[in-house]
Amino acid sequence: MRILMTGATGFVGTPLARALFLAGHELVILSRNASSARRRVGVKGDYVQWNPLSGPPPAMAVAGVDAVFNLMGENLGAGRWTEKRKRAIYDSRVKGTAHLVAGVADANADGIGLWVNFSAIGFYPTNRAESFDEGGPRGEGFASDVCAYWEAAASSDNPAARRVVLRVGTVLGANGGALEKLLPPFKAGAGGPVGAGRQMMSWIHRDDLVALCMRCVDNDSFEGVYNAVAPGPVSNANFSKALGRALGRPAVLPAPPVALKLALGEMAQLVLDGQSIVSARLADAGFRFQYGNVDDALREAAGRLPVGLNGEEHVCDRFEDFTFIDRPVEKVFEFFSDAYNLERMTPDLLRFRILGMSEEPVREGTTIDYSLRLHGLPFKWKTLIREWQAPDRFIDYQLKGPYRIWNHLHRFIPVAGGTAMTDRVDYQLPLGVLGGAAAPLVRRDVQRIFDYRHDTIIELMEAGGAD
């Protein structure tokens, strides 16, 4: 299936684009910055530059698509809701969607099969005692208006035979979403409920939201409005306790509502207002959640993982990357089987050198000694290959080095005539809270290293330099 996407560089859009690609679909990704989107998303596809407010997308880009996933929109929580900011939020969703619908309809005279449009549970009333399912009424205020007009723009003159609207709750996942601003104070033991914490929260784990989107593609019975929320709404107080448990930290310091209103203005309603939203339609459809309770969802999203050598749990930061290489999986894995190729893929400023290996070729149980420099400081690093399943995956684990925990899962997946190489690093800095203060700097360093590796591996392998 040829699938058109907007919002593919976002917190939900990126893992969704990767899941669609790994399932064998062709992707057309519309973005304000096509080259940046290509690097960030990583999948093979057509990346097309488009400003949603300038008019419909280019006809050649959208012609012949079978389905559309429309996730476009300015982040509601990115800044105070000034009048200018509210206009940008509204226009990015409503005007942009209207232009997208017009462009897809004009370029596909016979229509398309599927249109999935994101919305939000902000559609429904807030601060009410009762719960609302998909038959609930529209609320009042800015958030509700945006949702209603966004959905209307997606339905008017829509060329799709089957249309789905996902009203999404608070999305939980690593490296973004609702937890991005919550984790630092909670990790420092300074987190807690907002006010008395009685306001209800309806949430969904990002992995379940992506799985729901895939279900919309694969199951023709999915049509109409669905509340994309897990089965159990929780109070803000219980949510805060669950996050504290996930992190192993107290969560008893309340955030005063007055302070939030002063700091955030009208945007404070995102955390001060409560909603108990459920999904009768997902229950009827038999959709099964991987993360059906908030404790499990927050443990995964906050990084409490069994990554120790003996399966012990640690709270880790996470880095993920995705690279498509236009070479067979056996060739790509063979390249990574040569540990000395790590030197070729590492920026020169790190002065990365292999000092020795316990055995060659690399296999499970192999240890490798390195030296490198981080911000000019010399470090020794000893790695254990704790898992080796050629040509599918391997895991390297730091035994000695600058991190307290470093667990790096490499996966190699044959797709689209080449290889999707995915990386997931779960890491923990030393020195507790003091080390946590350096987390943004460390993340930027890791991103730069993987950006260099991404470009270098493609250059070496696709140019034939890795044969």
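## Strands and hairpins

Strands, as the term is used here, are DSSP runs of E with at least two residues, numbered from the N terminus. The structure described is a predicted model.

Strand β16, residues 367-374, runs antiparallel to strand β17, residues 377-389, and eight bridges join them. One bridge places R373 opposite its partner P378 in β17. Two residues lie between β16 and β17, which form a hairpin. In the turn of this hairpin, H375 has a positive phi of about 50°.

## From β17 to β18

Strand β17 also pairs with strand β18, residues 393-400, in the antiparallel sense, over seven bridges. Here K382 stands opposite K400 in β18. The connection from β17 to β18 is a hairpin of three residues.

## The second largest pocket

The second largest pocket holds about 860 Å³ of space. Its lining comprises 38 residues, of which L372, W381, Y403, W406 and I449 are the closest to the pocket centre. Two or more lining residues come from each of β16, β17, β18, β19 (405-415) and α16 (439-462). The three strands of the hairpins described above are thus among the contributing elements.

Which element gives the largest share of the lining of the second largest pocket? That element is α16, with seven residues. By residue class, the lining of this pocket divides into 28 nonpolar, six polar and four charged residues.

Key
Residues are numbered from 1 along each chain as its sequence is written. This is a predicted model: local features need pLDDT of at least 70, side-chain atom pairs count only at pLDDT 80 or more; totals for chains, interfaces and linings use all residues. Side-chain values use heavy atoms; hydrogens and water are left out. Two strands pair if DSSP finds at least two bridges between them. Helices (H or I, at least four residues) and strands (E, at least two) are DSSP runs, numbered from the N terminus. On a 1 Å grid over the protein atoms alone, a cavity is a set of points where a 1.4 Å probe fits but cannot get out, and a pocket is an open set with protein on both sides within 12 Å along at least five of seven lines; lining residues have an atom within 4 Å of a point. Grid points are joined across faces, edges and corners, and a volume is the space filled by probe spheres set on the points. Ala, Val, Leu, Ile, Met, Phe, Trp, Tyr, Cys and Pro count as nonpolar, Asp, Glu, Lys and Arg as charged, and the others, Gly among them, as polar.
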